[in-house]
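Let's take a walk through this model, beginning with one helix and what packs over it. Have the viewer open as you read.

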Amino acid sequence: MRKVAPDILAAARAQRWDPAEVLRLLIAEEVTGRDAATRCLRRHSANFPTGKTLASWRAEDSTIPESTQNSLVTLEWIGRAENLAIAGPPVINGSVSGGR
């Protein structure tokens, strides 16, 4: 809320907004910020991997069949409430990490 408050207040003054509208916008920004912070904290607490996207997926390095990979990328399985579990050693830069 602190980041956008100056812009919102300047616009409110210039356009003579109703004070209730100003408060509504400021509170909405605060709620959005708190939701984002809560999601971040929960992901961190759960030790979920972060920063991974489908764009970083290297299909040529995977042993998963290409047709299965293409199906997973569509994300249609999410709408069907299906679970996804992929198991195997972590691979960093083409080599297995944590090998003993």
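Part of the cover over the buried residues of α1 comes from α2. Here buried means under 20% relative accessible area, exposed over 50%, and partly exposed in between (1.4 Å probe, protein chains only). Helices (H or I, at least four residues) and strands (E, at least two) are DSSP runs, numbered from the N terminus.

A quick word on ground rules: this is a predicted model, where local features need pLDDT of at least 70, side-chain atom pairs count only at pLDDT 80 or more, and totals for chains, interfaces and linings use all residues. Residues are numbered from 1 along each chain as its sequence is written, and side-chain values use heavy atoms, with hydrogens and water left out.

Back to α1. Which of its residues are buried? They are A5, I8 and A12. These sit on the same side of α1, because they cover an arc of only 70° around the axis, taken from the directions from the helix axis to the C-beta atoms. Flip to the other side of α1 and you find D7, R13 and A14 exposed. Just after α1 comes R16, with a positive phi near 55°.

Zooming out, the protein has four helices and two strands, running α-α-α-α-β-β along the sequence. Buried residues make up 7% of its 100 residues. As for confidence, pLDDT (the predictor's confidence in each residue, from 0 to 100) averages 83 over the protein, and 84% of the residues score at least 70. The two extremes look like this:

| Element | Residues | Mean pLDDT |
|---|---|---|
| helix α1 (highest) | 5-15 | 94 |
| strand β2 (lowest) | 95-96 | 54 |

Now for helix α3, home of Q69. Is Q69 buried or exposed? Q69 counts as buried because its relative accessibility is 7%. Leaving aside neighbours within four places in sequence, Q69 is in contact (heavy atoms within 4.5 Å) with W57, A59, S62 and I64.

On the surface, L54, V73, L75 and I78 form a nonpolar patch, with about 350 Å² of accessible area together. Such patches take residues with over 30% relative accessible area and no salt bridge (a side-chain nitrogen of Lys or Arg within 4 Å of a carboxyl oxygen of Asp or Glu), joining nonpolar side chains (Val, Leu, Ile, Met, Phe, Trp, Tyr) within 5 Å and like charges within 9 Å. Areas come from the Shrake-Rupley method with a 1.4 Å probe; for residues, only the protein chains shown count as cover. L54 is in the loop between α2 (19-45) and α3 (66-73), and is partly exposed at 48% relative accessible area.
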